[in-house]
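Let's take a walk through part of this structure, one helix at a time. Keep the 3D view open as you read.

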Amino acid sequence: MRTLVIAIKELRQLRRDRLTLAMMVMLPMVQLMLFGYAINTDVRHMPLVIYDQDHSAASRELPQRLVATGFYDLLGEVRGYGEIEQSLRSGKAKVALVIPAHYSSDLRAGRATQAQLVVDGSDPQTVASATNTAASFVLARSGELMVARLNAVAAACGASATVGSAGGGAPLSLEPATWYNPELRTAVFIVPGLIGVILTMTMVMLTSMALARERERGTLEQLIVSPVRRVELIVGKIAPYTIIGYVQMTLVLALGKLVFRVPLVGSLGLLYALSFVFIAASLAVGMFVSTFAKTQQQAMQMSFFFLLPNILLSGFMFPFEAMPRPAQFISQLLPLTHFMRIVRGITLKGAEFSDVSGELVWLAALLAVLVTLASLRFQKKLD
């Protein structure tokens with residue numbers, strides 16, 4: 001009976017803690033939706049640019065049939081390898097198809113020709129999907145050309161025509177080229193992303209417990225009677241943790257370089273400057289969470305609840321292109337998504353400010369919204 005009384009007491013306390021009760025219901029639902037619907041390792045709709053050096057009907061047909069597979073989205077044409085590099089470096093494109101000069105004339109003359117597929121190697125999953133799909137397509141297309149060539153030879157020479165008489169080599173082949181991570185090492189992909197994940201985890205958790213700690217220790221009354229305004233309180237709470245974020249970032253970069261040989265191609269000064277906006281946005285998320293939590297335990301629970309979508313939808317583990325459109329829209333509202341593109345672009349591809357300026361605009365807008373919401377949510381009263 002005493003055990004039963006204690007169990008009933010715990011259930012009644014849990015019923016009064018509506019926030020924890022709601023999270024117990026919502027967490028499995030969110031996990032089910034994320035893993036069952038949003039997470040997909042079958043990468044489709046990879047942005048594709050074309051470098052057509054032949055400018056013929058046959059060279060225009062090849063990318064059109066490649067896009068028809070559903071694995072690629074054609075962005076447009078570029079005029080050289082320099083523009084290919086700029087497209088891949090900025091993240092606008094993931095794949096580039098290079099069609100050689102004399103492509104159509106070589107096919108008509110029965111000579112073997114070779115196209116090139118340039119893939120952004122900073123995401124190994126994209127490399128595998130892009131290369132395998134294009135290679136399978138080119139092999140099938142080469143078979144079609146071979147059959148057409150055999151039929152033409154048979155019509156001209158009679159039934160005695162053989163493969164050798166038609167030129168036994170494959171009419172069309174593909175040369176894959178992987179940039180930025182030619183060895184396809186997973187550490188090169190994971191370590192830069194870990195910077196964002198670790199910063200999100202620690203910054204959100206530390207600041208989410210800030211106001212809750214004030215309530216538990218009874219020091220919130222001093223803040224209430226002070227002349228400090230709400231915005232000043234929020235910014236003042238955020239500022240000290242910025243230094244902690246930079247220390248963590250430096251440790252991950254140093255260990256990644258020394259232990260895992262992760263390249264640091266771009267400007268570290270640019271990376272540190274842009275990281276300030278992301279660190280501030282993560283801290284603002286924590287402050288916003290702290291306005292809901294009554295205790296530090298609730299703040300920590302809500303932080304983990306926010307962390308799960310960040311890891312799964314930001315592109316840290318799964319390619320952004322593999323997600324359905326609604327999941328992509330949600331991921332655009334997460335600061336980690338944009339910082340992931342910034343840190344990988346600068347460290348692995350040598351991206352410049354112009355290449356990542358769009359992501360910076362997103363981060364700045366999210367920071368402004370989060371600080372505003374946290375300031376509006378915080379009320380200078382105990383209840």
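What follows looks at a helix and then at two helix pairings.

Bear in mind that this is a predicted model. Start with helix α13, residues 335-349. At 1.5 Å a residue, its 15 residues ought to span 21 Å, and because the end C-alpha atoms sit 21 Å apart, the model agrees with that expectation. Is α13 mostly covered or not? Mostly covered: 14 of its 15 residues are buried. Right after α13 comes Gly-350, with a positive phi near 70°.

Now bring in helix α14, residues 353-377. The axes of α13 and α14 come within 9 Å and cross at roughly 155°. An angle over 145 degrees counts as roughly antiparallel, so that is how α13 runs relative to α14. Their crossing is left-handed. On the α13 side, the residues in contact are Pro-335, His-338, Phe-339, Arg-341 and Ile-342, and they meet α14 residues including Glu-359, Trp-362 and Leu-366. That contact divides into 9 nonpolar residues, 1 polar and 2 charged.

Helix α14 also packs against helix α10, residues 268-290. Here the axes come within 8 Å and cross at roughly 25°. That angle is under the 35 degrees cut-off, so α10 and α14 are roughly parallel to each other. The crossing of α10 and α14 is left-handed too. Among the α10 residues that meet α14 are Leu-274, Phe-278, Ala-281 and Phe-288, while the α14 side includes Phe-353, Leu-367, Ala-374 and Arg-377. The residues of this contact divide into 20 nonpolar, no polar and 1 charged.

Methods
Residues numbered from 1 in each chain as written. Predicted model: local features only at pLDDT ≥ 70, side-chain atom pairs only at ≥ 80, totals over all residues. Heavy atoms only, no water. Helix = DSSP H or I, 4+ residues; strand = E, 2+ residues; numbered from the N terminus. Expected span 1.5 Å × (residues − 1). Buried < 20%, exposed > 50% of the residue type's maximum accessible area, 1.4 Å probe, protein only. Axes fitted to C-alpha atoms, helices over the stretch in contact; angles between N-to-C directions. Parallel < 35°, antiparallel > 145°, perpendicular 65-115°, else oblique. Left-handed = near helix turned anticlockwise from the far one by under 90°. Contact = heavy atoms within 4.5 Å. Nonpolar A, V, L, I, M, F, W, Y, C, P; charged D, E, K, R; others polar.
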